[in-house]
Amino acid sequence: DKGECFTAQLLDDNGKQAKFPNKETTDNALNKITGKGAVITSVTKRKQQRKPKAPYTTSTMQQDAVNRLGFSSKKTMMLAQMLYEGVEIAGHGHVGLITYMRTDSTRISDEMIAQVRPYIETVYGEEYLPPKPNVFAKSKKAQDAHEAIRPTSLEFPPDALTSVLSRDQLRLYTLIWNRFIASQMAPQIQMTITDLLGSGRCTLRASGSHVLFNGFTIMQPAKEKKGDGEENASLPPLKKGEKVTHVKTEAEQHFTTPPPRYTEASLIKTMEEKGIGRPSTYAPILDTIQKRKYVVKEGKQFVPTEIGFKVTNLLKKYFEGIINVDFTANLENW
C-alpha cells in the first residue's frame with residue numbers, strides 16, 4: 001500500500017531456492033511469475049541472538065588487522081610489540097598498554113573480568129551487561145600459556161591516547177580495546193522475518209531482519225553493524241492474505257568458481273586450523289615466503305612464483321616426511 005519494494009526468491013518443491021540447468025527452463029519459470037501479483041501466505045517471526053566473538057588471539061588479531069586496517073601481519077606484530085612494551089603517559093609514567101601479543105588463548109583473568117563488568121555497566125548501561133561473564137571455548141590445540149590480547153588497564157580508552165600514540169598504533173589499540181569490551185557485552189537481538197508468497201502455482205520467499213537491541217555491536221564501526229546477509233535489510237510489515245504487486249523479475253547466472261588465492265588473513269587462518277606454526281611464527285612465515293620470492297603479492301593475494309613451485313616440488317620429493325601439512329601439528333603428539 002505504501003509503495004515499498006522488497007525482494008523474494010522463487011522456491012523449488014523442497015522449499016529451497018530454485019535452480020535451473022539451462023536457459024529454456026529458466027525462461028519457462030520466469031514466464032510463470034512475470035507480471036503476476038502474489039499473495040502473502042504466511043508470516044514467520046523469530047528472535048535471534050548474535051553473541052560476541054572472543055577477545056583476540058594472535059591469529060585473529062592479525063586477520064582483523066589485515067582485513068580492517070590493511071596492515072601486514074609483520075606490521076601488526078611490530079605495532080603490537082610497541083603497545084606491549086608501553087609508552088610514557090603524563091602522570092602515570094611508562095605504561096604497557098596491552099597484554100602479551102603472542103597467544104592462542106581466549107581466556108581473561110578474573111581480575112580484569114572484575115574491572116570490565118562495572119565499566120560496561122557504568123559507561124553503556126546495565127542492559128549491555130550479561131548476567132554472568134562471557135566465557136569462550138578453548139581450542140583443542142591451544143597451549144593457553146597466556147591470556148587473550150586485551151588492554152592492561154581500563155584507565156586508558158583510545159580517546160585518551162590520541163596525543164600519545166602514532167596513528168597506526170592508535171588504530172590497532174582501538175581494534176584490541178573494542179574487541180575486548182565487546183567480548184564481555186550482552187548479545188545483539190534481532191527479529192528475523194520470513195514471508196512466503198503464492199503466485200499461481202509458484203511459491204516465493206522473502207527474508208529480512210531488524211535489530212531490536214544492538215548489544216555488543218555498539219562497539220563496532222557502523223559499516224559492520226549490518227545484518228548477516230539477509231536479502232532485505234528491513235522487510236515491509238506484511239500480513240497474511242495481503243496482496244502484493246509484481247515489479248520486475250531477474251534471473252541470476254552463477255558459475256562454479258575455483259577457490260580464491262590466499263590473502264595474509266586467510267593464510268594465517270588456515271595455518272592455525274591445520275596446526276602449522278605457532279602464534280609467534282605466523283608473521284615470520286609470511287615474511288619469509290615473500291623475501292625468498294616463493295610468492296609475490298598481486299593486490300592482496302599471494303601468487304606462487306616459478307621458484308616457489310620448483311623449491312616446493314624438490315622438497316616434497318626428497319623430504320616428504322618433513323615437508324607436509326601435518327608435520328608441525330604431529331610434533332605436538334610425539
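How exposed is R278, judged by its relative accessibility? In this predicted model, R278 comes out at 22% relative accessibility and so counts as partly exposed; the cut-off for buried is under 20%. Its salt-bridge partner is D104, and the closest N and O atoms of the two are 3.4 Å apart. D104 itself is buried, with a relative accessible area of 15%. The two residues come from distant parts of the chain, 174 residues apart: D104 sits in the loop between β4 (93–95) and α4, while R278 sits in the loop between α6 and α7.

That pair belongs to a bigger set, since the structure holds 13 salt bridges. Another one joins K74 to D287, with 3.8 Å between the closest N and O atoms. Here the partners are in helices, K74 in α3 and D287 in α7, so the bridge ties together parts that are 213 residues apart in sequence. K74 counts as partly exposed, at 47% relative accessibility. A further pair is K248 with E250, whose closest N and O atoms are 3.2 Å apart, and both of these residues are exposed. Salt bridges can also join up into a network, as happens with K75, R167, D168 and R171.

The link between α3 and α7 can be followed further through A283. This residue lies in helix α7 and is buried, with a relative accessible area of 8%. Leaving out residues up to four places away in sequence, A283 touches Q62, S73, K74 and M77. So what about T76? The C-alpha atoms of A283 and T76 are separated by 8.7 Å, although the two residues are 207 apart along the chain.

Now for helix α2, which covers residues 58–69. Its 12 residues reach 15 Å from the first C-alpha to the last, close to the 16 Å expected at 1.5 Å a residue. Is α2 mostly enclosed or mostly open? Because 9 of its 12 residues are buried, α2 is largely enclosed by the rest of the structure. The buried ones are T58, S59, M61, Q62, Q63, D64, A65, V66 and L69, a list in which Q62 is one of the residues touched by A283. What do these buried residues pack against? Their neighbours are four other helices: α3 (73–85), α5 (167–183), α6 (264–274) and α7 (282–291). After α2 comes G70, which has a positive phi, near 75°.

In soluble globular proteins, nonpolar side chains tend to be buried together. The largest nonpolar core here has 44 residues, and the members touching the most others are M61, L97, L172, Y173 and I181. Elements giving two or more residues to this core are α2, α3, β3 (87–89), α4 (110–124) and α5. Which of them gives the largest share? That is α5, with 9 residues. A second core, separate from this one, has 15 residues and includes A18, A38, L238 and V244.

L172 gives a good view of how the big core is put together. Setting aside neighbours within four places in sequence, L172 is in contact with M61, A65, L69, F71, T76, L79, A80 and L83. Among these contacts, M61, A65 and L69 are buried residues of α2.

Helix α4 has 15 residues, and its reach of 21 Å from first C-alpha to last is close to the 21 Å expected at 1.5 Å a residue. Its buried residues are M112, I113, V116, R117, Y119 and I120. Why might buried positions recur three or four places apart in a helix? An α-helix has 3.6 residues a turn, so residues three or four places apart point the same way. The cover over the buried residues of α4 includes α5. Just after α4, G125 takes a positive phi of about 110°.

Not every nonpolar side chain is tucked away. L314, L315, Y318, F319, I322 and I323 make a nonpolar surface patch of about 570 Å². One of them, L315, has its place in helix α8 (residues 306–318). L315 is partly exposed, with a relative accessible area of 32%, and residues need over 30% to join a patch.

Conventions:
Residues numbered from 1 in each chain as written. Predicted model: local features only at pLDDT ≥ 70, side-chain atom pairs only at ≥ 80, totals over all residues. Heavy atoms only, no water. Patch = residues over 30% accessible without salt bridge, like charges linked within 9 Å, V, L, I, M, F, W, Y side chains within 5 Å. Areas by Shrake-Rupley, 256 points an atom, 1.4 Å probe, with all protein chains shown as cover. Salt bridge = Lys/Arg side-chain N within 4 Å of Asp/Glu carboxyl O. Buried < 20%, exposed > 50% of the residue type's maximum accessible area, 1.4 Å probe, protein only. Expected span 1.5 Å × (residues − 1). Contact = heavy atoms within 4.5 Å. Core = buried A, V, L, I, M, F, W, Y, C linked by side-chain atoms within 4.5 Å.
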